[in-house]
Structures are given as C-alpha cells and as structure tokens.
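Let's take a friendly walk through some side-chain contacts, one question at a time. Each answer sets a value against its rule and then concludes.

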Amino acid sequence: MPPASAKPAEAASDTAQARGRGRPRAFDRETALARATHLFWRKGYEATSISDLTEAMGIGSPSLYAAFGSKEALYVEALRHYAETYEARVWAGFRAAPTAREAVAAYLLDSAAALTGSCGDALQDDVPRGCMVTLASVCPGTHPDLGQRLLSERAVALQRLDERLARAVAEGELPEVADRRGLARFVQSVQNGMSLQARDGAARAELEAAARIALLAWDALAAAR
C-alpha cells in the first residue's frame, strides 16, 4: 500500500503495475499446441511432464490448465492437431490413386517420406520421426479412456485399407479368394514397422526399399487367379 503522502497519480500507477504483474501473459494457442504436439510425439504421453510442456510451449502451468483443462485433454487436442496437420502426407496419394495397388504403393512410399521427416525432397529437421499415433502408448489401468482412443485412432488405418481392398475385389483387381483382411493387416504391419524403424534412424531410401519389397506380396496375390 502506498504511503498516505503519495500523490494520487503515483498511487494509480503503482496499482496498475501491480495488476500488470498479476495478469497472465497472452500466448498464441495454436503455436503452443503445435509445440506440445511435437513434444508428445517425441517423448510419448507418460514421459512428458507438465514442466516439460510449459517449457516447450512457453507458458506457465496456470495458462496451460486455463487453455486446455488438463494434460490428458491437451494430449487429445495434440492428436487432433497431428491428424489435421500431417495425415495428408500419408493418405492423400492413397485416396487419389486409381487402383488399389497404386493406393497401397502411395501409402507405403509416402509413409517412407513422412515418417523420416521429409516433405517433398526437403528434410524437415523440426519434425519428429515416426508416427505419433502408431508409437503412442499409455498405461491402460491409469488412462483407460486415452488408451481406448489410441486403439480407435490406429483402427482407422486398417479400416481404410480394408475398404479399398474390398473395392479392388469388387472391381476384379484382386481375386475373390484373396484374404482381403489379412492383406490389409499385412500392409498396416509393414507401415507400423517402418514407423518404428524411422524413429530408430532408418533413412527414407531404406524404408522405400522395404515398401517396394512388400509390394511384391501384392503382385503375387493378384497373380493367383
């Protein structure tokens, strides 16, 4: 409290400064979310602490809780941000391909680029390696809802593959006796393995070579009529 002899203007100035010190600093929510996404992507949910997040996001913990509610809620938003920002790098070619084989080839070859942090021919050093969803894990006993959400997110890829292969059978690209579900599982397993190997440092060219070898299985199945 200012002394009684303080001038009114000085007292008002002191009060304004005190209020300014207590006011939370404004921040760009989307930028903070992008930074949190990269941190969760690199470290995983369990290993990422609130202090890790506030440091990476450049905000205090009160601002984090005010903006996102909780660490778990922030992680859910990070998964959404990841899908909206990076999904097209893996799936755009798949969706645009005229045949199922070309769709699967695009899915695997585009994954080789995306999983190693490449966009076109450029390497993006700030983008973590691997797939955030594929490599994610949480303790189901501690976070059952989050664990179920991750299972559902991973099931999306299998569903997309299975639906595209069903179309390939209907259009005669694959024989009716083809194990469509097994082939979808195989393609997803290859892509998931590529994600882990990318995290461990495999180069894009190495993953592209693995993708092309996997496509030989498609050719063998398509030939079995």
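Q: Why is the contact between the side chains of arginine 80 and glutamate 77 called a salt bridge?
A: Their N to O distance is 3.2 Å, and a salt bridge asks for a side-chain nitrogen of Lys or Arg within 4 Å of a carboxyl oxygen of Asp or Glu. The pair therefore fits the rule. Before we go on, please note that this is a predicted model, in which local features need pLDDT of at least 70, side-chain atom pairs count only at pLDDT 80 or more, and totals for chains, interfaces and linings use all residues. Residues are numbered from 1 along each chain as its sequence is written, and side-chain values use heavy atoms, leaving out hydrogens and water.

Q: Where do arginine 80 and glutamate 77 lie?
A: Both are in helix α5 (residues 71-96), three residues apart, or about one turn of the helix. Helices here are DSSP runs (H or I, at least four residues), numbered from the N terminus.

Q: What makes arginine 80 partly exposed?
A: Its relative accessible area is 31%. Buried means under 20%, exposed over 50%, and partly exposed in between (1.4 Å probe, protein chains only), so arginine 80 belongs to the middle class.

Q: How do you know that glutamate 84 and arginine 80 form a salt bridge?
A: The N to O distance is 2.9 Å, which satisfies the rule. These two residues are four apart in helix α5, so about one helical turn separates them. Glutamate 84 has a relative accessible area of 58%, which means that this residue is exposed.

Q: Which residues are linked in a network of salt bridges?
A: The network joins Arg29, Glu77, Arg80 and Glu84. Across the structure, the count comes to 12 salt bridges.

Q: What makes arginine 160 and glutamate 87 a salt bridge, and which parts does the pair tie together?
A: Their side chains meet at 3.1 Å, N to O, in a salt bridge. Arginine 160 lies in helix α8 (residues 144-170) and glutamate 87 in helix α5, so the pair ties together parts that are 73 residues apart in sequence. Arginine 160, at 22% relative accessibility, counts as partly exposed, and so does glutamate 87, at 28%.

Q: Why is the pair of tryptophan 91 and phenylalanine 94 called edge-to-face?
A: Rings of Phe, Tyr and Trp (its six-membered ring) pair if their centres lie within 6.5 Å; planes under 30 degrees apart count as stacked, over 60 as edge-to-face and the rest as tilted. Here the centres are 4.9 Å apart and the planes meet at 90 degrees, an edge-to-face pair. Tryptophan 91 counts as buried because its relative accessibility is 8%, and phenylalanine 94 is buried too, at 7%.

Q: What makes the pair of tyrosine 82 and tyrosine 86 tilted?
A: A search of the whole structure finds nine aromatic pairs. In this one the centres are 5.6 Å apart, with 35 degrees between the planes, and it is classed as tilted. Both tyrosine 82 and tyrosine 86 are buried.

Q: How do you know that arginine 160 lies over the face of tryptophan 91?
A: Arginine 160 is 4.9 Å from the ring centre. The rule wants NZ of Lys or CZ of Arg within 6 Å of the ring centre and within 35 degrees of the ring normal.
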